[in-house]
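Visitor: I am new to this structure. Could you show it to me and explain the reasons behind the words you use?

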Amino acid sequence: MMADLVAKRVTNLLAPQVLVIVMPPAVGLLAQGWTGAAWGLVASAFCGGVPAAVIALGVRSGRLDSHHIVDRLRRTGPLLAAVAAVLVALALLVVLGAPRLLVATVTAMLVALAVTVPITTRWKISFHAAVSAGTVVVLAHVLPVLPVALVGAAVVALVCWARVRLAHHTWAQVAAGAVTGTLTTWATLALFGV
């Protein structure tokens, strides 16, 4: 029972919506101070806030089972809303001249969605694992790499364990999510030269 409680807390605390809302302002603050944090708030409002609101409305109306959208057949609408919100955020950041790292970070979110959304229509890849792994890669660009990589790998492993423990995913699904999040984020940031 204690393991299930820990798994639920990990799942909620490190949910994709939470990470996508918290990460951009934190990265902006670390990279460029308060100005960067303000740009990060713009990114998190669209990339995290809009999808979280869509999901909350879906749960409230009974169309979605929970904010984790366990039923993968119900994921398409909220994921398309997330893609649209990330596109709007990216357009705003580019047009308004946001810092390169934040533009790259939001682009990485879009690339990860472009890979994971088609997969989840056929197989339930873990968005928890993908987003947590991508977050670690971004943080490794603004904090010392080795400690972030070590602590981050442990956190991603904990997220993967929690999703499997709660029977929301298999080990293959969380591993695929973690690899996808890592590779898409790393490749995107590398293309931006950040």
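Visitor: Which residues of helix 2 meet helix 3?

Guide: In this predicted model, Trp39, Val42, Ala43, Phe46, Cys47, Val50, Pro51, Val54 and Ile55 are the ones in helix 2. Their partners in helix 3 include Pro78, Ala81, Ala85, Leu92 and Leu96.

Visitor: What classes of residues make up the contact of helix 2 with helix 3?

Guide: The contact has 19 nonpolar residues, with no polar and no charged ones.

Visitor: Why are helix 2 and helix 3 called roughly antiparallel?

Guide: Look at the angle: the two helices pack at about 165°, and their axes are 9 Å apart. Angles over 145 degrees count as roughly antiparallel, so helix 2 and helix 3 earn that description. As for handedness, helix 2 passes helix 3 in a right-handed crossing.

Visitor: How many cavities of 30 Å³ or more does the structure hold?

Guide: There is one, and the volume of the largest cavity is about 550 Å³. What makes it a cavity is that a 1.4 Å probe fits there but cannot get out.

Visitor: Which residues lie nearest the centre of the largest cavity?

Guide: Pro16, Val20, Leu113, Phe127 and Val131 do, out of 32 lining residues. By class, that lining has 19 nonpolar, eleven polar and two charged residues.

Visitor: Which helix gives the largest share of the lining?

Guide: Helix 2 does, with eight residues. Helices 3, 4, 5 and 7 are also among those that each supply at least two residues.

How values were computed
Residues are numbered from 1 along each chain as its sequence is written. This is a predicted model: local features need pLDDT of at least 70, side-chain atom pairs count only at pLDDT 80 or more; totals for chains, interfaces and linings use all residues. Side-chain values use heavy atoms; hydrogens and water are left out. On a 1 Å grid over the protein atoms alone, a cavity is a set of points where a 1.4 Å probe fits but cannot get out, and a pocket is an open set with protein on both sides within 12 Å along at least five of seven lines; lining residues have an atom within 4 Å of a point. Grid points are joined across faces, edges and corners, and a volume is the space filled by probe spheres set on the points. Helices (H or I, at least four residues) and strands (E, at least two) are DSSP runs, numbered from the N terminus. Ala, Val, Leu, Ile, Met, Phe, Trp, Tyr, Cys and Pro count as nonpolar, Asp, Glu, Lys and Arg as charged, and the others, Gly among them, as polar. Axes are lines fitted to C-alpha atoms, for helices over the stretch in contact, and angles run from 0 to 180 degrees between N-to-C directions. Angles under 35 degrees count as roughly parallel, over 145 as roughly antiparallel, 65 to 115 as roughly perpendicular and the rest as oblique. A crossing is left-handed if the near helix is turned anticlockwise from the far one by less than a right angle, and right-handed if clockwise. Contact means heavy atoms within 4.5 Å.
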